[in-house]
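Me: Could you walk me through this fold, one question at a time?

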Amino acid sequence: MRELTSPAAVREIINAHGFKVRKALGQNFLMDANIIDKIVQAANLSEQDLAFEIGPGLGVLTRRLARSAGKVLAVEIDRNLLPILKETLADSAGAEVIHGDALKLDFDRLASEKTGGIFGSRARAYKLVANLPYYITTPLLIHLLTGGFNLECMVVMMQKEVADRLKAPPGGKDYGSLSVLVQYFTQPEVVARVPKTVFYPAPEVESTVIRLTRRPAPPVALDHEETFFKVVRAAFGQRRKTLLNALAGSGLADKQIWTEVLGRAGLDPARRGETLSLEEFAQLANAFSRWY
Ligand SMILES: C[S@@+](CC[C@H](N)C(=O)[O-])C[C@H]1O[C@@H](n2cnc3c(N)ncnc32)[C@H](O)[C@@H]1O
(Lines give C-alpha, C1' and ligand atoms only; values in the text may rest on other atoms or scores of the structure.)
Protein backbone atom coordinates (compact mmCIF):
# COMPACT_ATOMS: atom_id res chain seq x y z
CA MET A 1 0.00 0.00 0.00
CA ARG A 2 1.29 3.45 -0.99
CA GLU A 3 1.69 5.83 2.01
CA LEU A 4 -0.96 8.57 2.20
CA THR A 5 1.47 11.36 2.98
CA SER A 6 1.23 13.37 -0.24
CA PRO A 7 -1.61 15.37 -1.82
CA ALA A 8 -1.39 13.13 -4.92
CA ALA A 9 -1.84 9.90 -2.90
CA VAL A 10 -4.73 11.37 -0.89
CA ARG A 11 -6.51 12.62 -4.02
CA GLU A 12 -5.96 9.31 -5.76
CA ILE A 13 -7.61 7.20 -3.04
CA ILE A 14 -10.47 9.68 -2.59
CA ASN A 15 -11.18 9.75 -6.34
CA ALA A 16 -10.83 5.99 -6.75
CA HIS A 17 -13.64 5.52 -4.20
CA GLY A 18 -15.73 8.50 -5.32
CA PHE A 19 -15.51 9.76 -1.73
CA LYS A 20 -16.93 13.20 -0.86
CA VAL A 21 -15.12 15.00 1.97
CA ARG A 22 -17.58 16.10 4.68
CA LYS A 23 -16.61 19.35 6.36
CA ALA A 24 -19.42 18.89 8.88
CA LEU A 25 -17.63 15.78 10.20
CA GLY A 26 -14.36 17.69 10.64
CA GLN A 27 -12.69 15.83 7.79
CA ASN A 28 -9.24 17.33 7.26
CA PHE A 29 -6.83 14.58 6.34
CA LEU A 30 -3.26 14.81 7.54
CA MET A 31 -0.54 14.37 4.90
CA ASP A 32 2.71 15.09 6.74
CA ALA A 33 4.91 12.12 7.69
CA ASN A 34 6.95 14.18 10.20
CA ILE A 35 3.88 15.31 12.15
CA ILE A 36 2.56 11.74 12.16
CA ASP A 37 5.90 10.52 13.56
CA LYS A 38 5.84 13.20 16.25
CA ILE A 39 2.31 12.19 17.29
CA VAL A 40 3.19 8.49 17.47
CA GLN A 41 6.49 9.10 19.30
CA ALA A 42 4.73 11.27 21.89
CA ALA A 43 2.46 8.32 22.72
CA ASN A 44 5.52 6.17 23.48
CA LEU A 45 3.84 3.02 22.17
CA SER A 46 5.09 -0.53 22.47
CA GLU A 47 3.86 -3.98 21.43
CA GLN A 48 2.22 -4.21 24.86
CA ASP A 49 -0.07 -1.23 24.20
CA LEU A 50 -3.65 -0.91 23.11
CA ALA A 51 -4.28 2.39 21.33
CA PHE A 52 -7.66 3.87 20.47
CA GLU A 53 -7.85 6.20 17.52
CA ILE A 54 -10.83 8.50 17.01
CA GLY A 55 -11.61 9.23 13.40
CA PRO A 56 -9.08 7.22 11.31
CA GLY A 57 -10.27 9.00 8.15
CA LEU A 58 -8.25 7.51 5.29
CA GLY A 59 -6.07 5.55 7.73
CA VAL A 60 -2.81 7.52 7.49
CA LEU A 61 -2.21 7.67 11.26
CA THR A 62 -3.80 4.26 11.86
CA ARG A 63 -1.23 2.57 9.60
CA ARG A 64 1.62 4.18 11.54
CA LEU A 65 0.02 3.35 14.93
CA ALA A 66 -0.39 -0.29 13.91
CA ARG A 67 3.38 -0.53 13.41
CA SER A 68 4.07 0.62 17.00
CA ALA A 69 1.19 -0.64 19.18
CA GLY A 70 0.08 -4.23 19.80
CA LYS A 71 -3.49 -3.38 18.87
CA VAL A 72 -5.28 -0.33 17.44
CA LEU A 73 -9.03 0.20 17.69
CA ALA A 74 -10.02 2.97 15.29
CA VAL A 75 -13.50 4.43 15.73
CA GLU A 76 -14.91 6.10 12.60
CA ILE A 77 -18.39 7.64 12.29
CA ASP A 78 -18.50 8.01 8.49
CA ARG A 79 -19.70 4.81 6.86
CA ASN A 80 -18.38 6.02 3.49
CA LEU A 81 -14.81 5.77 4.77
CA LEU A 82 -15.11 2.08 5.64
CA PRO A 83 -14.31 0.72 2.14
CA ILE A 84 -11.30 3.06 1.92
CA LEU A 85 -10.04 1.90 5.34
CA LYS A 86 -10.48 -1.71 4.27
CA GLU A 87 -8.05 -1.03 1.45
CA THR A 88 -5.56 1.23 3.25
CA LEU A 89 -5.36 -0.99 6.35
CA ALA A 90 -5.25 -4.32 4.48
CA ASP A 91 -1.57 -4.75 5.40
CA SER A 92 -1.90 -3.35 8.97
CA ALA A 93 -2.35 -6.39 11.18
CA GLY A 94 -3.56 -5.34 14.61
CA ALA A 95 -5.66 -2.40 13.37
CA GLU A 96 -9.42 -2.84 13.66
CA VAL A 97 -11.98 -0.31 12.51
CA ILE A 98 -15.14 0.19 14.52
CA HIS A 99 -18.02 2.04 12.94
CA GLY A 100 -19.48 4.33 15.61
CA ASP A 101 -19.69 7.67 17.36
CA ALA A 102 -16.79 8.28 19.76
CA LEU A 103 -19.00 10.55 21.88
CA LYS A 104 -21.24 7.62 22.76
CA LEU A 105 -18.57 5.02 23.28
CA ASP A 106 -17.83 3.13 26.48
CA PHE A 107 -14.07 2.85 25.87
CA ASP A 108 -13.45 0.51 28.83
CA ARG A 109 -16.10 -1.92 27.68
CA LEU A 110 -14.85 -1.97 24.10
CA ALA A 111 -11.22 -2.32 25.25
CA SER A 112 -12.19 -5.29 27.38
CA GLU A 113 -14.35 -6.93 24.68
CA LYS A 114 -11.67 -6.62 22.04
CA THR A 115 -8.78 -7.87 24.19
CA GLY A 116 -10.45 -10.65 26.17
CA GLY A 117 -10.36 -8.54 29.35
CA ILE A 118 -6.62 -7.69 29.22
CA PHE A 119 -7.44 -3.96 28.93
CA GLY A 120 -10.39 -2.03 30.38
CA SER A 121 -11.66 -0.98 33.78
CA ARG A 122 -9.69 -2.60 36.61
CA ALA A 123 -7.48 -4.23 33.97
CA ARG A 124 -4.62 -2.61 32.02
CA ALA A 125 -4.76 1.05 31.00
CA TYR A 126 -4.70 1.99 27.32
CA LYS A 127 -3.80 5.06 25.26
CA LEU A 128 -5.67 7.28 22.84
CA VAL A 129 -4.04 8.87 19.83
CA ALA A 130 -5.96 10.98 17.33
CA ASN A 131 -6.18 13.84 14.94
CA LEU A 132 -9.54 14.88 16.36
CA PRO A 133 -12.60 16.03 14.46
CA TYR A 134 -12.44 19.61 15.80
CA TYR A 135 -16.21 20.15 16.06
CA ILE A 136 -16.43 17.64 18.94
CA THR A 137 -13.16 18.39 20.77
CA THR A 138 -14.71 19.86 23.92
CA PRO A 139 -17.57 17.35 24.46
CA LEU A 140 -15.19 14.51 23.60
CA LEU A 141 -12.59 15.65 26.15
CA ILE A 142 -15.32 15.94 28.78
CA HIS A 143 -16.56 12.43 27.90
CA LEU A 144 -13.02 10.98 28.01
CA LEU A 145 -12.02 12.70 31.26
CA THR A 146 -15.19 12.35 33.30
CA GLY A 147 -16.16 8.89 31.97
CA GLY A 148 -13.83 7.20 34.47
CA PHE A 149 -12.07 5.33 31.65
CA ASN A 150 -8.78 3.55 32.28
CA LEU A 151 -6.85 5.80 29.89
CA GLU A 152 -3.22 6.46 30.79
CA CYS A 153 -2.56 9.14 28.21
CA MET A 154 -3.96 10.88 25.16
CA VAL A 155 -1.99 12.42 22.32
CA VAL A 156 -4.44 14.51 20.38
CA MET A 157 -4.36 17.12 17.66
CA MET A 158 -6.89 19.92 18.00
CA GLN A 159 -7.52 23.51 17.08
CA LYS A 160 -4.71 25.70 18.49
CA GLU A 161 -7.12 27.91 20.47
CA VAL A 162 -8.60 24.92 22.31
CA ALA A 163 -5.13 23.53 23.12
CA ASP A 164 -4.19 26.98 24.51
CA ARG A 165 -7.19 26.78 26.84
CA LEU A 166 -6.26 23.31 28.11
CA LYS A 167 -2.89 24.40 29.47
CA ALA A 168 -3.74 28.01 30.39
CA PRO A 169 -2.71 29.21 33.87
CA PRO A 170 -5.17 31.19 36.05
CA GLY A 171 -5.72 34.86 35.30
CA GLY A 172 -5.78 34.98 31.51
CA LYS A 173 -8.57 34.95 28.94
CA ASP A 174 -7.82 31.33 27.95
CA TYR A 175 -8.34 29.98 31.48
CA GLY A 176 -11.82 28.51 31.91
CA SER A 177 -13.72 25.51 33.23
CA LEU A 178 -12.18 23.26 30.52
CA SER A 179 -8.67 24.26 31.74
CA VAL A 180 -9.58 23.32 35.31
CA LEU A 181 -11.16 20.01 34.24
CA VAL A 182 -8.17 19.00 32.09
CA GLN A 183 -5.58 20.12 34.65
CA TYR A 184 -7.39 18.33 37.46
CA PHE A 185 -7.27 14.98 35.64
CA THR A 186 -4.09 15.31 33.54
CA GLN A 187 -0.80 17.08 32.91
CA PRO A 188 -0.98 18.76 29.50
CA GLU A 189 2.12 19.32 27.35
CA VAL A 190 2.42 20.72 23.85
CA VAL A 191 3.99 18.23 21.42
CA ALA A 192 3.89 20.20 18.14
CA ARG A 193 2.38 23.21 16.42
CA VAL A 194 0.88 22.28 13.08
CA PRO A 195 0.22 24.63 10.13
CA LYS A 196 -2.94 24.46 7.98
CA THR A 197 -0.96 23.46 4.91
CA VAL A 198 -0.37 19.83 5.94
CA PHE A 199 -4.04 18.86 5.64
CA TYR A 200 -6.33 18.00 2.75
CA PRO A 201 -8.49 20.02 2.60
CA ALA A 202 -6.76 22.75 4.66
CA PRO A 203 -8.78 23.71 7.77
CA GLU A 204 -9.52 27.33 8.63
CA VAL A 205 -7.52 27.20 11.86
CA GLU A 206 -4.00 26.37 13.06
CA SER A 207 -3.57 23.17 15.06
CA THR A 208 -1.63 21.90 18.07
CA VAL A 209 -0.75 18.36 19.12
CA ILE A 210 -1.04 18.02 22.87
CA ARG A 211 -0.26 15.16 25.24
CA LEU A 212 -2.52 14.73 28.27
CA THR A 213 -0.99 12.37 30.81
CA ARG A 214 -3.37 11.18 33.48
CA ARG A 215 -2.26 12.17 36.97
CA PRO A 216 -1.55 9.20 39.27
CA ALA A 217 -3.49 11.00 42.04
CA PRO A 218 -5.70 14.11 42.09
CA PRO A 219 -3.66 17.32 42.55
CA VAL A 220 -6.10 18.64 45.19
CA ALA A 221 -8.12 16.92 47.91
CA LEU A 222 -11.85 17.16 47.22
CA ASP A 223 -14.77 16.23 49.45
CA HIS A 224 -16.98 15.73 46.42
CA GLU A 225 -15.74 15.79 42.82
CA GLU A 226 -19.13 16.57 41.28
CA THR A 227 -19.61 19.60 43.55
CA PHE A 228 -16.15 20.84 42.55
CA PHE A 229 -17.05 20.83 38.86
CA LYS A 230 -20.44 22.46 39.54
CA VAL A 231 -18.75 25.26 41.49
CA VAL A 232 -16.09 25.72 38.78
CA ARG A 233 -18.76 26.00 36.07
CA ALA A 234 -20.71 28.45 38.23
CA ALA A 235 -17.63 30.64 38.84
CA PHE A 236 -16.92 30.88 35.09
CA GLY A 237 -20.59 31.23 34.16
CA GLN A 238 -20.55 35.00 33.96
CA ARG A 239 -16.99 36.07 33.39
CA ARG A 240 -17.45 39.83 33.71
CA LYS A 241 -18.98 39.54 37.18
CA THR A 242 -17.25 39.24 40.54
CA LEU A 243 -16.88 35.75 41.96
CA LEU A 244 -19.69 36.40 44.44
CA ASN A 245 -22.12 37.64 41.79
CA ALA A 246 -21.22 34.87 39.34
CA LEU A 247 -21.79 32.22 42.02
CA ALA A 248 -25.00 33.88 43.24
CA GLY A 249 -26.28 34.04 39.65
CA SER A 250 -25.65 30.34 39.06
CA GLY A 251 -28.74 29.10 40.86
CA LEU A 252 -26.71 26.72 43.07
CA ALA A 253 -27.35 28.78 46.24
CA ASP A 254 -28.29 32.35 47.15
CA LYS A 255 -25.98 35.33 47.70
CA GLN A 256 -26.07 35.12 51.49
CA ILE A 257 -24.91 31.53 51.45
CA TRP A 258 -22.12 32.27 48.95
CA THR A 259 -20.94 35.21 51.09
CA GLU A 260 -20.65 32.83 54.04
CA VAL A 261 -18.98 30.10 51.95
CA LEU A 262 -16.43 32.50 50.43
CA GLY A 263 -15.61 33.76 53.94
CA ARG A 264 -15.06 30.20 55.19
CA ALA A 265 -12.88 29.43 52.14
CA GLY A 266 -10.83 32.59 52.81
CA LEU A 267 -11.53 34.00 49.35
CA ASP A 268 -12.19 37.64 48.46
CA PRO A 269 -15.74 37.85 46.98
CA ALA A 270 -14.66 40.72 44.72
CA ARG A 271 -12.21 38.55 42.78
CA ARG A 272 -13.05 37.19 39.32
CA GLY A 273 -13.57 33.45 38.89
CA GLU A 274 -10.81 33.27 36.29
CA THR A 275 -8.15 34.25 38.84
CA LEU A 276 -8.71 31.20 41.07
CA SER A 277 -6.14 28.40 41.03
CA LEU A 278 -7.08 24.72 41.21
CA GLU A 279 -6.28 24.79 44.97
CA GLU A 280 -8.54 27.80 45.52
CA PHE A 281 -11.38 26.17 43.58
CA ALA A 282 -10.92 23.11 45.82
CA GLN A 283 -11.11 25.30 48.97
CA LEU A 284 -14.27 26.93 47.62
CA ALA A 285 -15.95 23.66 46.63
CA ASN A 286 -15.03 21.97 49.93
CA ALA A 287 -16.35 24.95 51.94
CA PHE A 288 -19.56 24.81 49.89
CA SER A 289 -20.11 21.08 50.34
CA ARG A 290 -19.41 21.30 54.10
CA TRP A 291 -21.72 24.25 54.64
CA TYR A 292 -24.48 23.55 52.20
C1 LIG B 1 -9.53 15.50 11.32
S2 LIG B 1 -10.13 14.02 10.57
C3 LIG B 1 -8.74 12.97 10.89
C4 LIG B 1 -8.60 11.84 9.93
C5 LIG B 1 -7.30 11.05 10.01
N6 LIG B 1 -7.08 10.49 11.32
C7 LIG B 1 -6.13 11.91 9.61
O8 LIG B 1 -5.35 12.28 10.50
O9 LIG B 1 -6.00 12.22 8.44
C10 LIG B 1 -11.38 13.52 11.73
C11 LIG B 1 -12.04 12.17 11.48
O12 LIG B 1 -12.99 11.93 12.53
C13 LIG B 1 -14.18 11.37 11.99
N14 LIG B 1 -15.28 11.68 12.94
C15 LIG B 1 -16.03 12.80 13.01
N16 LIG B 1 -16.90 12.74 14.04
C17 LIG B 1 -16.68 11.55 14.66
C18 LIG B 1 -17.27 10.90 15.77
N19 LIG B 1 -18.25 11.50 16.50
N20 LIG B 1 -16.83 9.67 16.12
C21 LIG B 1 -15.85 9.06 15.40
N22 LIG B 1 -15.25 9.63 14.33
C23 LIG B 1 -15.65 10.86 13.96
C24 LIG B 1 -14.30 12.03 10.62
O25 LIG B 1 -15.15 11.31 9.76
C26 LIG B 1 -12.83 12.05 10.20
O27 LIG B 1 -12.48 10.84 9.56
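Reply: Happy to! Helices (H or I, at least four residues) and strands (E, at least two) are DSSP runs numbered from the N terminus, and two strands pair if DSSP finds at least two bridges between them. This is a predicted model, where local features need pLDDT of at least 70, side-chain atom pairs count only at pLDDT 80 or more, and totals for chains, interfaces and linings use all residues. Residues are numbered from 1 along each chain as its sequence is written.

Me: What is the strand order of the open sheet of seven strands?
Reply: The pairing in this open sheet is mixed. β4 (95-99) and β7 (186-194) each have a single partner strand, so they stand at the edges with one side lacking a neighbour in the sheet. Read across, the order is β4-β3-β2-β5-β6-β9-β7.

Me: Which residue in β4 stands opposite Val72?
Reply: Strand β3 (residues 71-76) runs parallel to β4, and five bridges join them. Opposite Val72 in β4 stands Ala95.

Me: How many residues surround the ligand, and how do they divide into nonpolar, polar and charged?
Reply: A residue counts as near the ligand if its C-beta atom, placed from the backbone, lies within 6 Å of it. By that rule 24 residues surround the ligand, the closest being Gly55, Gly57, Ala102, Asn131 and Pro133. The elements giving two or more residues to this shell are β1 (29-30), α3 (60-68) and β3. With Ala, Val, Leu, Ile, Met, Phe, Trp, Tyr, Cys and Pro as nonpolar, Asp, Glu, Lys and Arg as charged, and the others, Gly among them, as polar, the shell divides into 15 nonpolar, six polar and three charged.

Me: How far apart do the C-alpha centres of domain 1 and domain 2 lie?
Reply: The domain assignment, whose bounds come from an automatic or database source, gives domain 1 (7-214) and domain 2 (225-291). Their contact (C-beta atoms, placed from the backbone, within 7 Å) takes nine residues from domain 1 and ten residues from domain 2. The C-alpha centres of the two domains lie apart by 34 Å.

Me: Where is Pro201, and what is the omega of the peptide bond from Tyr200 to Pro201?
Reply: Pro201 sits in the loop between β8 (199-200) and β9 (207-214). Most peptide bonds are trans. The bond from Tyr200 to Pro201 is cis, with omega near -15 degrees.

Me: What is phi of Asn44?
Reply: Asn44 is in the loop between α2 (33-43) and β2 (50-54). Its phi is positive, in a residue other than glycine, with a value near 50 degrees.

Technical notes
Two residues are in contact if their C-beta atoms, placed from the backbone, lie within 7 Å.
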